[in-house]
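Here is a short note for a colleague who has not seen this structure before. The points below can be read alongside the sequence and the model.

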Amino acid sequence: EIEYNIKQIEELKQTIKILQMKSNNDIDNQLYNLNSPNKLIVNSSIFESDCESRYGISLAEKWRNNEELWCKSNAIEINSQLNCYPYHQKHKQLDGRGPDMFCIANNFVIDFSKVIGKVPSSKQPLGSQYLSFHKGSLSGECKMTNKYKEHLFMPHQSLQMNSFEENYHIDSNIERYETPLYLMARDEDCENLFHSTADFMNAYLVISALQIDPKDLQVMLFDLHPDGPYIDLIKNAFSPNHPVIRHSHFQNKKILFNKIVFHLESPAGLIFPKVSRPGPLQCYSTSLFQNYRKFILKAFNLWDVSPPPIPTITLSLRKRTDKKNVGRILQNEDEIVSVLNQGNLIKVQVIDGGKMSFTDQIKLIRHTNILIGVHGAGLMMIMFAAEEAILIEMHPSYRQDRHFRHAARMTGKIYMPLRTLTRETCQGSSDNVVIPVQEFKQTVDGAIRIARSFDDGLSECGLNCPYEILALDNKLLPFYGNKDKKVSPVNTAFPC
């Protein structure tokens, strides 16, 4: 609280300084970058600069500049070294939490006979999802420096580092592994795309800070989670030239790794709405989020694609199964789908993302410009929608989370929320949500009205569009269906 008050005072001082400028020349120097070849390039505002410093790709450089040597080689033949990158993010400074950190080790040994745990076929209870380590599971021919601080290791890395042996003599005949290894200990809820995105964005930030080409990397899933639904994302984006492996791959051997990257774990993620503290998120379309989005789309060969030519709506639903009694089920699904089917010259697709691979989902969403769903992790897919896109999030009466507002804003999408006032009914611990049909129709009409003007669209109308207006845009003719009417356009001649 004290730190936050100090921040407010400093911001007030800055505002007063700007207001007290005595001449237009002073204001010009503040507003324009006069060192630029173009003297009228406008500098970023204080607000824009703050957003970029907290959520921009420049964070990669900030992490990189915080490099510290934590274990220094004391050998001539094999140069072991551990470098760590602690960085205290602004939101964590404000709420009294400490810095986050990732590390990179050169010429370290992992003894896989001392890495304990068998990967199950299904999700395990909390507390049993991570590996354990016997003393000496990790070693290096180096000595800890005065920078070495055990309490700064992130939760799962600390489990391994507790077993670390310094000043270890490495046998010159030991088996060596040349490919850089990325140890990814995933979030405890890694079946959930919201929580997984924290891991994936962090991995992107790490390789950006270390300037590592993912084509050179091999990812090891360093936990006891099943592979999960996002294994194709991990493979395509972070380990494209090498298989994703587990600790069992090395069959209890001792291996000398040329390079090991220790993951920046999910608690450091910027996808959580609380990173905007002390208030709700105001920032929009920041460069870290946009670059991560492009990075993933490019990994699936989906970056350079044409936008949908007509409003393309994907309604993403959650379904109960015998194995999982998921909540926030859309009880009046038929009424909601019926509203969508009333529209003309639009494309509507209804999906259950839980039954699709991530590859199939991202291909479909990339060609979507209106994504609709009840609050749930599948709405994270808005990050990969068409360049111009809208997220309609249907809130149950009891949820106040801003997860997907955050994801939509940060990737430059339009966010349109609606909330039901009808109290949910229950099926065990699962709830059924009823969305007000008339309000939904009004929201969808507004979204389609916006989407019809995306890219080079010219139609000024919503869900039920008069064909006389649609006829003004000749590019739409190839997309008329059997039920669509081809008529003469509205008379646009000036009447007076």
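**Notes on a predicted model**

1. Start with two helices in contact. On the α7 side the contact is made by T197, F200, M201, Y204, L205 and I207, and on the α9 side by L288, F289, N291, Y292 and F295. By class, the contact residues comprise nine nonpolar and two polar, with no charged residue among them. The model is a predicted one, and this applies to every point in this note.

2. The geometry of this pair comes next. Helix α7 packs against helix α9, which spans residues 287–299, at an angle of about 95°, and the two axes are 10 Å apart. Angles of 65 to 115 degrees count as roughly perpendicular, and α7 and α9 are therefore roughly perpendicular to each other.

3. How many cavities of 30 Å³ or more are there? The count is three. The largest has a volume of about 120 Å³, and the second largest holds about 50 Å³ of space.

4. The largest cavity has a lining of 13 residues. Those that lie nearest its centre are H156, Q157, A185, F222 and E265. Helix α6, residues 155–161, supplies the largest share of this lining, with four residues. Sorted by class, the lining of the largest cavity has eight nonpolar residues, four polar and one charged.

5. The second largest cavity brings the reader back to α7. This helix, residues 193–210, gives the most to the lining, namely three residues. The full lining consists of R186, C190, S196, D199, F200, D227, G228, P229, Y230 and I234. F200 thus appears in the lining of this cavity and also in the contact of α7 with α9. The lining of the second largest cavity divides into five nonpolar, two polar and three charged residues.

6. A small sheet is the last item. Which strands form it, and in what order? The order is β14-β20-β19, three strands in an open sheet with mixed pairing. β14 (329–330) and β19 (425–427) are the edge strands, each pairing on one side only.

7. Within that sheet, β19 and β20 can be looked at in more detail. Strand β20 covers residues 430–433 and runs antiparallel to β19, with three bridges joining the two. One position to find in the model is T425, which stands opposite N432 in β20.

Notes: Residues numbered from 1 in each chain as written. Predicted model: local features only at pLDDT ≥ 70, side-chain atom pairs only at ≥ 80, totals over all residues. Heavy atoms only, no water. 1 Å grid on protein atoms, 1.4 Å probe; cavity = no way out; pocket = protein on both sides within 12 Å on 5 of 7 lines; lining within 4 Å. Points joined across faces, edges and corners; volume = space filled by probe spheres on them. Nonpolar A, V, L, I, M, F, W, Y, C, P; charged D, E, K, R; others polar. Axes fitted to C-alpha atoms, helices over the stretch in contact; angles between N-to-C directions. Parallel < 35°, antiparallel > 145°, perpendicular 65-115°, else oblique. Contact = heavy atoms within 4.5 Å. Pairing = 2+ DSSP bridges.
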